Amino acid sequence: MGREEGFRFGDPSGEATGVLVCFMATTRALAAAVEHSCSLVVCHEQLNYPYESWGVGLEQSITWSVNRRRFTALARGGLTVYRAHGQADRFSIVDDFRHRR
C-alpha cells in the first residue's frame, strides 16, 4: 500500500453499515452513500483538489468551494473514506488497460 492510500476521513475503527465504491468521492457519490446507508466510501482519487503533490496543502485547498462542500457532506453524513489508489490500479485498472490495444 502506498502512502497516498488508506483512511482519509472519518473513523477507521467504526462499524461499516454498507460500502459505496466510486472512482471519485464527489458530493453526488457521498449523497448516494448516505441515501443507501453506506458509512464507508472506498474511492480511487484523492478527496481534495488540487493534489497535495502539486504543492497545495489541505489548508489551501479547503478554500476551494468544491472541497468545502465535499468535507461538509462527509462530516454531516458521518462517513468514513478509504482511498485505494495504487491498489486499485494494480488489481483492476492496469489489467483493464493492458488488454486493450
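In what order do the 4 strands of the open sheet stand, and with what pairing? The order is 1-4-3-2, and the pairing is mixed. I should state at the outset that this is a predicted model.

The edges of the sheet belong to strand 1, residues 6–9, and strand 2, residues 19–22. Each has a single partner strand, so one side of each is left without a neighbour in the sheet. On average, neighbouring strands of the sheet are turned by 30° against each other, direction ignored.

Let me turn to one pair within this sheet. Strand 3, residues 40–43, pairs with strand 4, residues 80–83, in the parallel sense, and 4 bridges join the two. Opposite Cys-43 we find Arg-83 of strand 4.

I come now to helix 1, which comprises residues 27–35. Helix 1 lies across strand 2 and strand 3, and its direction makes an angle of about 160° with strand 2. Which residues of helix 1 are buried? They are Ala-29, Leu-30 and Ala-33. Because these residues cover an arc of only 100° around the axis, they are on the same side of helix 1. The general background is familiar: an α-helix has 3.6 residues a turn, so residues three or four places apart point the same way.

Against what do the buried residues of helix 1 pack? Their partners are strand 2, strand 3 and helix 3, the last spanning residues 65–77. On the face turned away from this buried side, helix 1 carries the exposed residues Arg-28 and Glu-35.

Finally, a remark on the backbone: Ser-37, which follows helix 1, has a positive phi, near 60°.

Notes:
Residues numbered from 1 in each chain as written. Predicted model: local features only at pLDDT ≥ 70, side-chain atom pairs only at ≥ 80, totals over all residues. Heavy atoms only, no water. Pairing = 2+ DSSP bridges. Axes fitted to C-alpha atoms, helices over the stretch in contact; angles between N-to-C directions. Contact = heavy atoms within 4.5 Å. Buried < 20%, exposed > 50% of the residue type's maximum accessible area, 1.4 Å probe, protein only. Arc of directions from axis to C-beta.
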